[in-house]
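Biologist: I would like to learn how to read a structure like this one. Could you take me through it step by step?

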Amino acid sequence: MTASSAKPSLKSRPADCPCGGAAPNGRAPGKPPRFIDCCGRYIDGGAAAPSALELMRSRYSAYVLGESQYLRNTWAPQTCPADLDIDPAAPDAPRWLGLQIKRFAPLDATHAEVEFVARYKVGGRAHRLHESSRFVRGDDGCWRYVDGDVSDR
Ligand SMILES: [Zn+2]
């Protein structure tokens, strides 16, 4: 550890939040929120996402930004992959194009589901990931991703 180039404050961050402020039923704002006012509060600011919906959005933004550590921190330990490492600069890395939230279903105080569609490109080909994700809230009050069912529709 020598130079100061690895300081989080010097990371390049977009002005507009990658998640676009996605909300259920297409009720996303026309103009994307500012990153520092949206997912940046959780990814860089260390605040806990108040619900599984905000957590879902911030995890999408973390994929866009290559924040593997944040993804790890917000993944239930039982299901978090051991080899999770995201490098958005890698040639075969997906280029994320946008997030849509289809459904946000709080089930009880500690369980929730979020159904979403994330669009991305790999090697010039467009794909969409349609998933219903399960989230749990731990004893520490933090929401975490558990797993999800991918739909091919
Ligand atoms: Zn956001």
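Biologist: Let me start with a detail: which residue in strand 4 is the bridge partner of Arg-134?

Modeller: That partner is Asp-147. Before we go on, please keep in mind that this is a predicted model.

Biologist: Thanks! Which strands pair around there, and in what sense?

Modeller: Strand 3 pairs with strand 4, residues 143-151, in the antiparallel sense, and the pairing runs over 8 bridges. Another pair to look for is Phe-135, which stands opposite Tyr-145 of strand 4.

Biologist: How many residues lie between strand 3 and strand 4?

Modeller: The two strands form a hairpin with 5 residues between them. Look in the turn for Gly-141, where phi is positive, at about 85 degrees.

Biologist: And on to strand 2: how many bridges does it make with strand 3?

Modeller: Strand 2, residues 111-122, and strand 3, residues 125-137, are joined by 12 bridges, again in the antiparallel sense. As one example, Ala-118 has Leu-129 of strand 3 as its bridge partner. This hairpin has 2 residues between its strands, and Gly-123 takes a positive phi near 55 degrees.

Biologist: What is the order of the strands in the sheet?

Modeller: It is an open sheet of 4 strands in the order 1-2-3-4, with antiparallel pairing. At the edges are strand 1, residues 95-108, and strand 4, each of which pairs on one side only. From one strand to the next, the twist averages 25 degrees.

Biologist: How do side chains sit along a strand?

Modeller: As a general idea, side chains in a regular strand alternate between the two faces of the sheet. For a residue to look at here, try His-130, which lies in strand 3.

Biologist: Is His-130 buried, exposed or partly exposed?

Modeller: To answer that, count the other C-beta atoms within 10 Å: 20 or more means buried, and 12 or fewer means exposed. His-130 has 17 of them, so it falls in between and is partly exposed. You can also find Ser-151 from here: 21 residues separate it from His-130 along the chain, yet their C-alpha atoms are 5.4 Å apart.

Biologist: Now the helices. How many residues does helix 2 have, and how far does it reach?

Modeller: Helix 2 covers residues 52-65, which is 14 residues, and reaches 20 Å from its first C-alpha to its last. That is close to the 20 Å expected at 1.5 Å a residue. Just after helix 2 comes Gly-66, with a positive phi near 75 degrees.

Biologist: Why is helix 2 described as largely enclosed?

Modeller: Because 14 of its 14 residues are buried, helix 2 is largely enclosed by the rest of the structure. For the protein as a whole, buried residues make up 27% of the 153 residues.

Biologist: What does the whole picture look like, from the N terminus on?

Modeller: The elements run α-α-α-β-β-β-β, giving 3 helices and 4 strands. The radius of gyration is 15 Å, which agrees with the value near 15 Å for a compact globule of 153 residues. Along the principal axes, the C-alpha atoms fill a box of roughly 45 × 40 × 35 Å.

Biologist: Which residues does UniProt list for a domain?

Modeller: An unreviewed UniProt entry lists residues 52-148 as "domain: YchJ-like middle NTF2-like". In this model, that span is 21% helix and 46% strand, and its end C-alpha atoms lie 13 Å apart.

Key: Residues numbered from 1 in each chain as written. Predicted model: local features only at pLDDT ≥ 70, side-chain atom pairs only at ≥ 80, totals over all residues. Pairing = 2+ DSSP bridges. Expected span 1.5 Å × (residues − 1). UniProt positions renumbered as here; feature names shortened; annotations may be inferred. Rg over C-alpha atoms; globule rule 2.2 N^0.38 Å. Axes fitted to C-alpha atoms, helices over the stretch in contact; angles between N-to-C directions.
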